[in-house]
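Open the model in a viewer and keep a selection box ready. The stops below go from one selection to the next.

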Amino acid sequence: MSSVQNGEILAERMNPESRLFFMDPEDEDLDFIFQWFVGWIAYGACTPGELFKVARKVDAKSAVSWKEEFEKEARKIEAIGEDCLKKGHRISAGQAFLRAFGYYRAAYCAIDPADADFFPVYFKTVECFKKYLDAMSKTINHEFVEIEYKGYKFPGIFLKAENSNKPKPTILFHNGGESHKEDTFFLGGKEAIERGYNALLVDLPYDVQPRSYDPEVTAKNFPKADLLGAYHAATDFLVARPDVDAKRLVVCGDSYGGMKSTLNAANDDRFAALVASAPLYSWPLVIKNGVMPPFVMGDPEESKKIINSLPWLSRVTLHRVCWMHGFDSIVEWLPATENNMEFDPRDLKCAFLSIRAESEGPEVVRQATECYEKASSKKKALWIGKAEDGADFHCQINNLALRFQVQFDFLDEVLDYNG
């Protein structure tokens with residue numbers, strides 16, 4: 001989300017000249033999120049007609065309008081899926097369930113953690129995505145799994161490149177600050193299996209959704225040692241599988257997931273490669289110098305007051321960020337990031353692709369560049385998504401096809417693999 005201080009743009013996620021639908025100059029986030037779902041059209045999680053039909057009905061100033069219109073479309077498409085399933089049309093059912101997931105997921109963007117619909121709509125997304133995968137089981141090999149750590153259980157989806165136990169290169173995907181394991185299917189998971197890689201999509205500590213399963217999974221209960229312990233447990237799960245090539249493990253992440261994946265790679269030498277968009281080595285500096293500086297300049301009440309004055313999508317998103325980490329304000333969360341979310345980029349030793357967007361704010365650009373320059377990796381590359389290629393948005397959501405071409409060509413080469 002954009003952040004402005006003393007007239008200087010400190011952080012942004014897209015080129016404001018590239019807006020598509022929601023044109024409010026004070027609220028770029030809404031158009032950014034909308035274009036995120038536009039990108040899902042390529043995967044069948046939305047259609048242009050349905051997506052733009054709903055968007056035309058939405059009052060852009062109203063979270064309730066956004067939520068109700070997208071949820072209405074989701075229920076309609078879900079009913080189509082159920083009817084197709086009853087008649088034995090599994091492919092049609094799967095396609096409908098995937099679109100229902102997409103529209104429930106869009107609706108969820110407008111729901112605050114304090115709202116009554118927060119958990120029901122989230123679990124609707126999980127249900128529809130599961131029905132999609134099960135309906136498509138003949139073409140998408142998958143398992144629903146759990147990663148266990150100190151009695152906590154973290155839900156995941158293991159996507160198999162093929163229906164065999166032949167060892168394959170495998171990617172562990174970390175979620176961003178707004179994304180769930182199901183979202184990561186569109187941020188590389190599906191692309192991975194199409195290119196001969198296995199993929200683990202999982203909700204881990206410091207992700208949005210573990211608290212939906214266990215309210216105790218917060219940053220308060222996961223200091224750095226336990227955060228890394230949970231990450232290592234996910235890697236332990238992978239290397240124990242006969243269908244995983246333990247010498248070709250990859251870790252990937254976008255946005256906040258760029259921080260998590262880079263932190264993980266710096267603290268676990270079992271990874272052969274890291275791809276991060278964008279790699280970051282200090283989340284507290286991102287907060288203080290980039291994305292959230294206005295929210296950490298006063299006490300908790302002042303911070304909450306500023307957040308509550310924002311347009312609804314930014315407000316809901318920041319409320320969710322606080323909730324998922326177990327804090328009431330950004331101010332209270334910041335000390336935990338200083339203890340848990342920093343490392344020395346020189347500890348990066350595996351093959352490394354650093355990705356950033358041309359439209360990123362100065363702090364993200366600085367850290368992504370510094371991670372690349374200081375990494376001890378023998379094989380490393382820096383790639384910048386640019387406006388001239390239509391790939392200049394945060395996480396390259398406006399041109400994932402180009403991003404994946406760069407990402408997987410890099411992995412194929414450094415892993416000496418051709419799926």
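**Stop 1: the low-confidence stretch**

Select residues 2–11: pLDDT (the predictor's confidence in each residue, from 0 to 100) stays under 50 there. For this stretch the model has 26 contacts beyond four places in sequence, a contact being heavy atoms within 4.5 Å. Where pLDDT is low, the predicted coordinates should not be read in detail.

Now colour the whole protein by pLDDT: the mean is 92, and 93% of the residues reach 70 or more. This is a predicted model, in which local features need pLDDT of at least 70 and side-chain atom pairs count only at pLDDT 80 or more, while totals for chains, interfaces and linings use all residues. Residues are numbered from 1 along each chain as its sequence is written, and side-chain values use heavy atoms, with hydrogens and water left out.

**Stop 2: strand β5 and its partners**

Select residues 168–174, which form strand β5. Helices (H or I, at least four residues) and strands (E, at least two) are DSSP runs, numbered from the N terminus. How many of the residues of β5 are buried? Seven of its seven are, where buried means under 20% relative accessible area, exposed over 50%, and partly exposed in between (1.4 Å probe, protein chains only).

Add residues 244–254, strand β7, which runs parallel to β5 and is joined to it by six bridges. Two strands pair if DSSP finds at least two bridges between them. To locate one of these links, pick I171, whose bridge partner in β7 is V250.

Next add residues 198–202, strand β6, paired with β5 in the parallel sense over four bridges. Here L172 has L200 of β6 as its bridge partner. Show helix α6 (residues 189–194) as well: β5, α6 and β6 make a right-handed β-α-β unit. Right-handed means that, with the strands pointing away from the viewer, the path from the first strand over the helix to the second runs clockwise.

**Stop 3: S359**

Move to S359, in the loop between β9 (351–357) and α14 (362–374). Is S359 buried or exposed? S359 counts as buried because its relative accessibility is 6%. Its side chain reaches the backbone oxygen of D392 at 2.4 Å.

**Stop 4: the cysteines**

The structure holds zero disulfides, a disulfide being a pair of cysteine sulfur atoms within 2.5 Å. Select C128: the nearest cysteine sulfur, that of C46, is 13 Å away. C128 is buried, at 0% relative accessible area.

Finish at C322, buried with a relative accessible area of 4%. Why is the sulfur of C322 in no bond with that of C109? The sulfur in C109 is the closest cysteine sulfur, but at 17 Å it is too far for a bond.

Definitions and conventions
Polar contact = N/O pair within 3.5 Å; in protein donor to acceptor, adjacent residues only side chain to side chain.
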